[in-house]
Amino acid sequence: MGIQMEEVSIEKQLKGRDFLTLADYKQEELSYLLKLAEDLKKGLKANEQEQPLKGKTLGMIFEKASTRTRVSFEVGIYQLGGMGLFLSSSDLQVGRGESVSDTAKVLSGYLDGIMIRTFSQSVVEELAEQASIPVINGLTDMYHPCQILADFQTIQENKGGLRGVKLAYIGDGNNVAHSLMLGSAIMGMDMCIAVPKGFEPDPVVTNKAQMLADLHGGNVQITTDPELAVDQADVIYTDVWTSMGQEKEKTLREEAFSGFQVNRKLVSLAKADAIIMHCLPAHREEEITAEVIDGKQSVVFQQAENRLHAQKALMTALMG
């Protein structure tokens, strides 16, 4: 009975909330979302899909191109009984100068939730502040929290849990790295980031993650040595070296990251049963070899599928 009462309490805590960064969420809240994602996945596979969002509508604002975010949210809201509206920034008046505040207030009168994929975190925060409905951060240059929910679901499925799991992240100190750091710290994981000098994660995010790790019994470490990072790792994770908006830095980044490729040699230095993860899209033979991403240890496409289930859990909890 105590567990049931706690779950009801968490349901109430989450209903109507925004999802802007993992730092806004407690360990038990993230655990609840992951359990809900697991249940929704099982229900879908068993053809027992419930529709808790019947009649609800999600507006999806895109200023950045997308494959997984768009398809998973659009399919997810449909499977939950609702409808998703694709809203390109070039089609909205906000693309012609209407304020974020006015857009938030107008959309709040039509929709039950907003997902936005954009560049600036401040835009997402202003949208959430002015909207009276839940706002979900589908990606900014600073954070990618929806991705990490799917990542953690995938790690749980393969490792049986999160606490004490060592996650080695090899690559750029970008939005994915930021959210992985925060999420790992909250869930009591051991995370080591290997990144070239000059490409480290934001120090404010690093300090926040280290504080959360101290609080929850986790660990966050940053190194310039990929081999040190993968030593005894349960999970090896990488992302592209050049993200959207950084195309002019491509040559510079390829040179800086040349020793940070996830290949057979690097993988061999981790635990024998380590899993390989990538948030996609991948630039094969750059940050990761085709041999590794298509190999037996790779869970990359399981990870991509879990974007659907994790985001269905998020929409159910916030909009249900």
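**Entry 1: Asp234 and its partner**

I started with aspartate 234, which is buried at a relative accessible area of 11%. I kept in mind that this is a predicted model. What does the side chain of aspartate 234 meet in a salt bridge? I found lysine 271, at 2.9 Å from N to O. Aspartate 234 sits in the loop between α9 (226-230) and β8, and lysine 271 in the loop between α11 and β9 (275-278), so this pair ties together parts that are 37 residues apart in sequence. I then looked up how open the partner is: lysine 271 has a relative accessible area of 30%, so I noted it as partly exposed.

**Entry 2: Lys166, a charge without a bridge**

Aspartate 234 came up again in the contact list of lysine 166, so I went there next. Lysine 166 belongs to strand β5 (residues 166-170). It is buried and has no salt bridge. Which side chain of opposite charge is nearest to lysine 166? That is aspartate 231, and the distance is 5.3 Å. A salt bridge needs the side-chain nitrogen within 4 Å of a carboxyl oxygen, so I could not count this pair as one.

I looked for what the lysine 166 side chain does reach. I found the backbone oxygen of aspartate 231 at 2.6 Å and the backbone oxygen of alanine 229 at 3.1 Å. With neighbours within four places in sequence set aside, I also listed contacts of lysine 166 with Asp190, Cys192, Leu228, Gln232, Ala233 and Val235, among others.

**Entry 3: Arg307, another one**

Arginine 307 is in helix α13. I noted that arginine 307 is buried and has no salt bridge either. Its nearest side chain of opposite charge is aspartate 151, 7.2 Å away. What does the arginine 307 side chain make a polar contact with? I found the side chain of threonine 69, at 2.8 Å. Leaving out residues up to four places away in sequence, I saw arginine 307 touch residues including Arg68, Ser72, His144, Cys146, Gln147 and Ala150.

**Entry 4: other salt bridges**

I got a count of 15 salt bridges. Glutamate 254 and lysine 250 make one of them, with N to O at 2.3 Å. Both residues lie in helix α10, 4 residues apart, which is about one turn of the helix. For accessibility I wrote down 28% for glutamate 254 and 34% for lysine 250, and each counts as partly exposed.

Next I looked at aspartate 294, which forms a salt bridge with arginine 284, its closest N and O atoms 2.7 Å apart. This pair links distant parts of the chain, 10 residues apart: aspartate 294 in the loop between α12 (290-293) and α13 (300-319), arginine 284 in the loop between β9 and α12. Are these two buried or partly exposed? Aspartate 294 is partly exposed at 48%, and arginine 284 is partly exposed at 39%. I also noted a network: Asp172, Glu249 and Arg253 are joined by salt bridges that share partners.

**Entry 5: rings**

How many aromatic pairs does the structure hold? I have 6 in my notes. In one of them, tyrosine 169 and tyrosine 237 have ring centres 5.9 Å apart and planes at 35°, so I put the pair down as tilted. Tyrosine 169 is in strand β5 and tyrosine 237 in strand β8 (residues 235-238), so the pair ties together parts 68 residues apart in sequence. I read 0% relative accessibility for tyrosine 169 and 0% for tyrosine 237, so both count as buried.

Tryptophan 241 and phenylalanine 257 form a stacked pair, with 5.8 Å centre to centre and 20° between the planes. I placed tryptophan 241 in the loop between β8 and α10 (250-256) and phenylalanine 257 in the loop between α10 and α11 (264-267), 16 residues apart. Both are buried. I then found them in one aromatic cluster with Phe199 and Phe260.

**Entry 6: charges over rings**

I closed with two arginines. The charged end of arginine 70 sits over the ring of phenylalanine 86, at 3.8 Å from its centre. The charged end of arginine 17 sits over the ring of tyrosine 25, and there I noted 4.3 Å from the centre.

Definitions and conventions. Residues are numbered from 1 along each chain as its sequence is written. This is a predicted model: local features need pLDDT of at least 70, side-chain atom pairs count only at pLDDT 80 or more; totals for chains, interfaces and linings use all residues. Side-chain values use heavy atoms; hydrogens and water are left out. Helices (H or I, at least four residues) and strands (E, at least two) are DSSP runs, numbered from the N terminus. Buried means under 20% relative accessible area, exposed over 50%, partly exposed in between (1.4 Å probe, protein chains only). Lys and Arg count as positive and Asp and Glu as negative; His and the chain ends are not counted. A polar contact is a pair of N or O atoms within 3.5 Å; within protein, one must be able to donate a hydrogen and the other to accept it, and residues adjacent in sequence count only if both atoms are side-chain atoms. Contact means heavy atoms within 4.5 Å. Rings of Phe, Tyr and Trp (its six-membered ring) pair if their centres lie within 6.5 Å; planes under 30 degrees apart count as stacked, over 60 as edge-to-face and the rest as tilted. A charge sits over a ring if NZ of Lys or CZ of Arg is within 6 Å of the ring centre and within 35 degrees of the ring normal.
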